[in-house]
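Please open the model in a viewer and keep the selection panel at hand. The tour below proposes a series of selections and describes what each one contains.

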Amino acid sequence: MAEMKGDSQNKIDSIMLKQDVLIIGGGWAGLSAAKILARNGMRVTIVEKAAELGGGCVDWADDSRTEMRSTIAELEKIEKVAIMTGAEVRRLAGQFGSFRVSLRQGANDITELTPAAVLIAGGYETKKEAPGMPAGKGIVFLADLEKMLNSSSGSSLTLNGRPVTAVTFLLDLYNEDVKFDAWAVLRQAQVLRTKFKCQVFVLCKDLKVSFASGELLYRQAREAGVLFFKYEASPAVDLAGERLSVEIPDYTVVTKEARETMTLVSDIIALPEVCAPGSDTDRLCRTFGIRRELATGYIMDDNPQFLRVRTNRRGIFIAGACRSPQGLTETQSEAEAAAEEILALLKPGFFTCGPAIAEVDEKKCALCYTCPRLCPHAAITIEKYARQNVYRIPGFEPGAVYAARVEPAACYGCGICVAECPARAISLRGERPLLQARARI
Amino acid sequence: MIKAEQKPIEEILGYLEPYGKIILSGCGACVTVCHSGGEKEVALLAESLKMARNKDAKPLEIVEITPARQCEPEFAAELGDLVEGAEAILSLSCGVGVQTLARTYGAMAVLPGVNVVFMGETVMHGQWEERCQACGNCILEKTGGVCPIARCAKQLLNGPCGGSSRGKCEIKRETDCAWQMIFDRLKTLGQLHKLTEIIPAKNWGTESRDMGPRRMVREDLKV
Amino acid sequence: METGPGIFNPKIIAFCCEQSGIPALEMAESAKLELAANLEVRPVPCAGRIETVFLLQALENGADGVLVFACHEENCQYLRGNIRAKSRLSYAQDRLARIGLEKERLEICNLAANCGKKFAEVLKDKVEQLRKLGPNPFSRRH
């Protein structure tokens, strides 16, 4: 690991890289990535804040639970894999190639790790909120409906003693861009039709089936007799005696004026849980110096250059639900992609910096903090240089001085800091002369 | 730190009318930090001035320099070699620097290029707010770290005026009422009893600048 | 584009971001689209590399117009380079407006790598605009 001594003449061209990876989050994404990395010889530490591994997917009865258990069993056997539960990251210092992460587990322990790469694979939160719904016993959230379906033996479904003969699923009132809800609903709708012989209505704005087997699930649901309705304005939901009613216009009629209002009456209105970024997302982003999407609150911008596992910082990757709530197939893809990118980065054992790297002339730095704030890659920090004091008065002894420093291995060579520095103290070493006009063909 | 804003360029061009060659001197300290007079702004201003004068066919030659500060005589001396042939100095430093240069180069006009606005804090990148007015007798211990001289529009010393409403100032609605902030801070600190200590009326003459420019002397430091 | 004695071909300096402007330029060139006759292209790794003073220097040194080609907002590979470029250009425009420089002489255009046609069109429009404004009176005289 190369440490800059503050001598800008010392041209650091490459840094050594350990084969160590830190994974934050012991859910599907974190464990899947850990498995691939460990199988490829990486030393992996998994840090999970809860007391148990598994994350959000344990709510869903599926083959996933069995596969999760076998993944955990495999990881526990590998010597190079360390699993820490009930543990959280407190601080990240340093840059790519020299990360220093301090963790707290339980009340007192603080461990320090020095991974070469970090994978953030946390989760999201769900809230069982039903704004605008009538207070009544028939509002059921998808996770609870899942439990109901799994625990009901026989061929009839009851809720609070009353038989359930019709269920309405209401999608797209919230949770924009979440495909997971569609996956859950299509499966549950089929089970309700085929096993419990219920009438099933699915109301949605757009059915989000662009995930593996999504179209197939939809076709099966249609063939089983599930009825799908599209809506534009939010449907009116009301009590109808002991049952619930939903009113929507009949959008199959083209002319607005000729549309009649349909009323669908059911025993259950099934709603997705409201998805929200985890409550520690802000702290996580600040600790790791990565960006947060302002509009939604999840980690990383909705910038196409960063899909799907890159963050704005070299050496820090992201996969899974903490980037956006998603189903298992998407999470699996992201975990595999992240593991591959980490392997590609770390396997060679070294990283070549550049070609263009920003460099601060510490004699001119005014410590205005503009560049650390502006650097999109969090590659700049204020550090101590054992060089001449910028406020040196002729005749006085030079001493140690603080100035901004760009970590060459973390620098992407974009030049934003170079152009912004009010003291013109930063130059872009390795850039081609800017005033050189480009030859025309 | 001192915060300053560049003067409108029309005003600066007015100052520079009689001259054909000037030194444009930036400053590597406060005005660099608030992006109004460091090396970057010096380059920018030089280009703008040259362009304006090109249009009027009265070209202006500008020699650029940005010493670390201008307010010590030794830093001011750094302009020494460049002064020959120049007709005036345009300084982007605070008034202290301009006057140090004026004292050092008595025979040359030294013109200010920025207006010092206040001593202030960085609230967020690109936004600065006034925090200190050099009143000469700091009372921040009594006011929970919020200054009523700098942050109360009326510079009241013993509580808010009747115009304080929902934590905002009646003089400028966007401004937070300083005494509301003082109250909140003292409450957090468990020091509300300090509000019962009357802060006497300020003696602007002896403590502050109302008797002219102040002087600070350390006999023990004199060489 | 007409050339010849008596036709004013405004000198345009185009700062082109290597992620969008340069590929768009290359696309325009290989499609043999007509480009401004008096064009000088200055590539930058990101529009965020463009220092405000470069824009002014270009105008003072003889350009009649300066264009910046940058990626669409939210598409910057370095997240905020194009937004910084926009702020700096706007700062330069305001200052130059105070000395009488027409706003049209300095402009930023957001595009993507596959916008060869847009690149050529923007240049064409700028040439027309600059012809109406005339040569840049703020350039240094020789």
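The stops that follow go from domains to sheets and then to packed helices and chain contacts. The coordinates belong to a predicted model.

**Stop 1: the domains of chain A**

Begin by selecting chain A and colouring its domains separately. The assignment gives domain 1 as 18-125 + 276-347, domain 2 as 129-272 and domain 3 as 353-429. Next, place a centroid on the C-alpha atoms of domain 1 and another on those of domain 2 of chain A; the two centres are 34 Å apart. Where these two domains of chain A touch, nine residues of domain 1 are in contact with 10 residues of domain 2. On the domain 1 side of chain A, the residues that touch domain 2 comprise three nonpolar, four polar and two charged.

**Stop 2: a sheet in chain A**

Stay with chain A and select strands E5, E6 and E7. They form an open sheet of three strands in the order E5-E6-E7, and the pairing is antiparallel. Strand E5 (87-93) and strand E7 (109-113) of chain A each have a single partner strand, so one side of each has no neighbour in the sheet. With direction ignored, neighbouring strands of this sheet are turned against each other by 25 degrees on average.

Then restrict the view to strand E6 (residues 100-105) and E7(A), whose antiparallel pairing extends over five bridges. Which residue of E7(A) is the bridge partner of Arg104(A)? Labelling the strand shows that this partner is Ile110(A).

**Stop 3: from chain A to chain C**

Display chains A and C together. Their contact takes 22 residues from chain A and 20 residues from chain C. On the side of chain A that touches chain C, 12 residues are nonpolar, five are polar and five are charged.

**Stop 4: a sheet in chain C and the helix across it**

Now hide chain A and select the four strands of chain C that make up an open sheet. Their order is E2-E1-E3-E4, with parallel pairing. Strand E2 (39-44) and strand E4 (106-111) of chain C are the edge strands, each pairing on one side only. The average turn between neighbouring strands of this sheet is 20 degrees, direction ignored.

Within the sheet, strand E3 (residues 65-71) of chain C pairs with E4(C) in the parallel sense over six bridges. A residue pair to label here is Phe69(C) with its bridge partner in E4(C), Cys109(C). Add helix H3 (residues 81-98) of chain C to the selection: this helix lies across E3 and E4 of chain C and runs at about 160 degrees to E4(C).

**Stop 5: the domains of chain B and a helix pair**

Turn to chain B, which is assigned domain 1 (2-117) and domain 2 (135-210). The centres of these two domains of chain B, taken over C-alpha atoms, are separated by 38 Å.

Select helix H1 (residues 9-16) of chain B together with H3(B). Two packed helices are described by the angle between their axes and the distance between the axes. The axes of H1(B) and H3(B) cross at roughly 65 degrees and come within 11 Å, which means that H1(B) is roughly perpendicular to H3(B). The crossing of H1(B) and H3(B) is right-handed. To see the contact, show Ile9(B), Ile12(B), Leu13(B) and Leu16(B) in H1(B), which meet Ser48(B), Leu49(B) and Ala52(B) in H3(B). By class, the residues of this contact are six nonpolar, one polar and no charged.

**Stop 6: from chain B to chain C**

Finally, display chains B and C together: 14 residues of chain B are in contact with 16 residues of chain C. H1 and H3 of chain B each supply at least two residues of the side that touches chain C. Which helix gives the largest share of the side of chain B that touches chain C? H3(B) does, with nine residues. That side of chain B has eight nonpolar, two polar and four charged residues.

Select helix H3 (residues 39-55) of chain B and helix H2 (residues 52-60) of chain C. These helices pack at an angle of about 20 degrees, with their axes 9 Å apart. H3(B) is therefore roughly parallel to H2(C). The crossing of H3(B) and H2(C) is left-handed. Residues to label in the contact include Leu44(B), Glu47(B) and Met51(B) of H3(B), and Val53(C), Leu56(C) and Glu60(C) of H2(C). The contact of H3(B) with H2(C) has six nonpolar, four polar and three charged residues.

How values were computed. Residues are numbered from 1 along each chain as its sequence is written. Chains are lettered from A and ligands numbered from 1 in the order in which they are written. This is a predicted model: local features need pLDDT of at least 70, side-chain atom pairs count only at pLDDT 80 or more; totals for chains, interfaces and linings use all residues. Axes are lines fitted to C-alpha atoms, for helices over the stretch in contact, and angles run from 0 to 180 degrees between N-to-C directions. Angles under 35 degrees count as roughly parallel, over 145 as roughly antiparallel, 65 to 115 as roughly perpendicular and the rest as oblique. A crossing is left-handed if the near helix is turned anticlockwise from the far one by less than a right angle, and right-handed if clockwise. Two residues are in contact if their C-beta atoms, placed from the backbone, lie within 7 Å. Ala, Val, Leu, Ile, Met, Phe, Trp, Tyr, Cys and Pro count as nonpolar, Asp, Glu, Lys and Arg as charged, and the others, Gly among them, as polar. Two strands pair if DSSP finds at least two bridges between them. Domain bounds come from an automatic or database domain assignment.
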